[in-house]
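This report describes one helix and its surroundings, and then turns to pairs of charged side chains.

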Amino acid sequence: MTSTRSRKLCLAQQPDADEMLSRDPFALLVGMLLDQQIPMERAFAGPVAISKRMAGPFDPPTVAHYDPDAFVEIVAGPPAVHRFPTAMAARIQTLAKHLDEQYAGNASALWSDVKSGDDLLARLSALPGFGAQKAKIFVALLGKQLKVRPRGWREASEPYGEDGAFKSVADVIDVASLVKVRQFKQEQQLVRQRVVAARPLRQTRNG
């Protein structure tokens, strides 16, 4: 396993979880995978919880070949790592299989030899469970906090690579920044709700 070799991350807001995220690229990727439909800090605390319940190391080869039913039980807890433990257990194992097959089980190989931001974004977008937005946020996280900065990384991660912004997990370095990111997400959710609410009115006028 190759370390992220960076400053200590503060994504889970828990010492043991953040210590693992700071040294283990696979844990960081799994935390990012889990970061949907649950609070961000709960998602990034997931890898350390899973690792403590597993028999064997928490790495791509071991997770990839773990008995699927047993792995679901690990993710389900209690407490559950995610609100959808069965689906997320399968996604984690699929991600692990991809890393095992494409990168010889070395998660940091995703970015260790990358030449450009677009190349990095393409590699991350190809990961199972990583859509376009999640991939861009992870490019921003690597650039802002782990100093993985291939040519054009800010452009590839737009709008999340913007300096001084508080838009995503890439900008969370302490409790205060977590609060700002959460406020931004709440504001964006309100905007989306207003757009949805306005659609029937426009349709009625056009009719």
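## Helix H5 and the salt bridges

The buried residues of H5 pack against helix H3 (40-53), helix H4 (60-64) and helix H6 (85-102), where contact means heavy atoms within 4.5 Å. Helices are DSSP runs (H or I, at least four residues) numbered from the N terminus. The model is predicted: local features need pLDDT of at least 70 and side-chain atom pairs pLDDT 80 or more, whereas totals for chains, interfaces and linings use all residues. Residues are numbered from 1 along each chain as its sequence is written, and side-chain values use heavy atoms, with hydrogens and water left out.

In H5 (residues 68-76), the buried residues are Phe-71, Ile-74 and Val-75. Because these residues cover an arc of only 95 degrees around the axis, they lie on the same side of H5; the arc is taken from the directions from the helix axis to the C-beta atoms. Asp-69 and Glu-73, on the other side of H5, are exposed. Buried means under 20% relative accessible area, exposed over 50%, and partly exposed in between (1.4 Å probe, protein chains only).

The whole structure contains seven salt bridges, each a side-chain nitrogen of Lys or Arg within 4 Å of a carboxyl oxygen of Asp or Glu. Three of them are listed here.

| Salt bridge | Closest N and O atoms |
|---|---|
| Arg-23 and Glu-19 | 2.9 Å |
| Arg-123 and Asp-113 | 2.8 Å |
| Asp-171 and Lys-144 | 2.5 Å |

Asp-171 lies in the loop between helix H10 (153-156) and helix H11 (175-206) and Lys-144 in helix H9 (residues 132-145), so this pair ties together parts 27 residues apart in sequence. Asp-171 is buried, at 7% relative accessible area.

Conventions
Helices (H or I, at least four residues) and strands (E, at least two) are DSSP runs, numbered from the N terminus.
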